[in-house]
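Please open the model in your viewer and keep a selection panel at hand. The tour begins with the whole chain and then moves to one pocket.

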Amino acid sequence: MLLGIGGWRLLAALGIQPDVCHLNEGHAAFAVLERAYCFMKETRQSFEVALAVTRAGNLFTTHTAVAAGFDRFDPAMIAQYLGSYAREKLGITVHDLLALGRQNPNDPAEPFNMAYLAVRGSGAVNGVSRLHGKVSRHLLSRFSRAGRRTKCLSDT
């Protein structure tokens with residue numbers, strides 16, 4: 001929360017408006033939520049629209065080529081600390097927030113995965129080597145959408 005939401009707020013307080021937000025691992029993934037919220041305030045759009053628009057400016061790089069390396073949190077903890085943020089700021093339910101960080105959005109026991117949130121909130125996803133990109137594509141393939149692919153830095 002501090003790194004993602006607080007970091008985005010700090011940039012705004014300093015008058016910095018980045019065109020691209022690079023999420024190095026999932027640690028700062030909550031920045032995609034705060035970026036969408038800022039867009040919502042400026043344009044009076046829904047969270048869904050704001051996330052779709054701001055997603056294009058977010059880039060997620062994973063260095064962790066194993067699922068066990070991703071930050072995961074108990075759903076009750078996310079609900080406790082981000083429930084009012086989801087409802088009051090983003091205008092979404094806690095269920096919808098949790099769904100952004102889950103492989104199966106309807107599994108109430110599945111932990112909230114910061115990498116999944118980062119992937120869902122980013123327009124581009126990459127790894128740090130060809131082999132890493134291949135492994136990451138396999139790990140994150142369930143999140144692929146048209147117009148975005150998981151690639152490695154050495155592919156570019």
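What percentage of the 156 residues of the chain count as buried? In this predicted model, select the whole chain and colour it by relative accessible area, taking under 20% as buried: 46% of the 156 residues fall in that class. Switching to a surface display, you have about 8,100 Å² exposed by the chain, and carbon and sulfur atoms supply 57% of that area.

Next, change to a cartoon coloured by secondary structure, where the chain comes to seven helices and six strands. Following the elements from the N terminus on, you should meet them in the order α-β-α-α-β-β-α-α-β-α-β-α-β. If you then draw the contacts between residues at least 6 apart in sequence, 65% of them join residues at least 24 apart.

Now turn to the largest pocket, which holds about 330 Å³ of space. Select Trp8, Gln17, Arg35, Cys38 and Glu42, which lie nearest the centre of this pocket among the 14 residues that line it. Adding the helices α1 (2–13) and α2 (30–43) to the selection is useful here, as each supplies at least two residues of the lining.

Which element gives the most to the lining of the largest pocket? That element is α2, with five residues. Finally, colour the lining of the largest pocket by residue class, and the view should separate into seven nonpolar, three polar and four charged residues.

Conventions: Residues are numbered from 1 along each chain as its sequence is written. This is a predicted model: local features need pLDDT of at least 70, side-chain atom pairs count only at pLDDT 80 or more; totals for chains, interfaces and linings use all residues. Side-chain values use heavy atoms; hydrogens and water are left out. On a 1 Å grid over the protein atoms alone, a cavity is a set of points where a 1.4 Å probe fits but cannot get out, and a pocket is an open set with protein on both sides within 12 Å along at least five of seven lines; lining residues have an atom within 4 Å of a point. Grid points are joined across faces, edges and corners, and a volume is the space filled by probe spheres set on the points. Helices (H or I, at least four residues) and strands (E, at least two) are DSSP runs, numbered from the N terminus. Ala, Val, Leu, Ile, Met, Phe, Trp, Tyr, Cys and Pro count as nonpolar, Asp, Glu, Lys and Arg as charged, and the others, Gly among them, as polar. Buried means under 20% relative accessible area, exposed over 50%, partly exposed in between (1.4 Å probe, protein chains only). Contact means heavy atoms within 4.5 Å. Accessible areas come from the Shrake-Rupley method with a 1.4 Å probe; for residues, only the protein chains shown count as cover.
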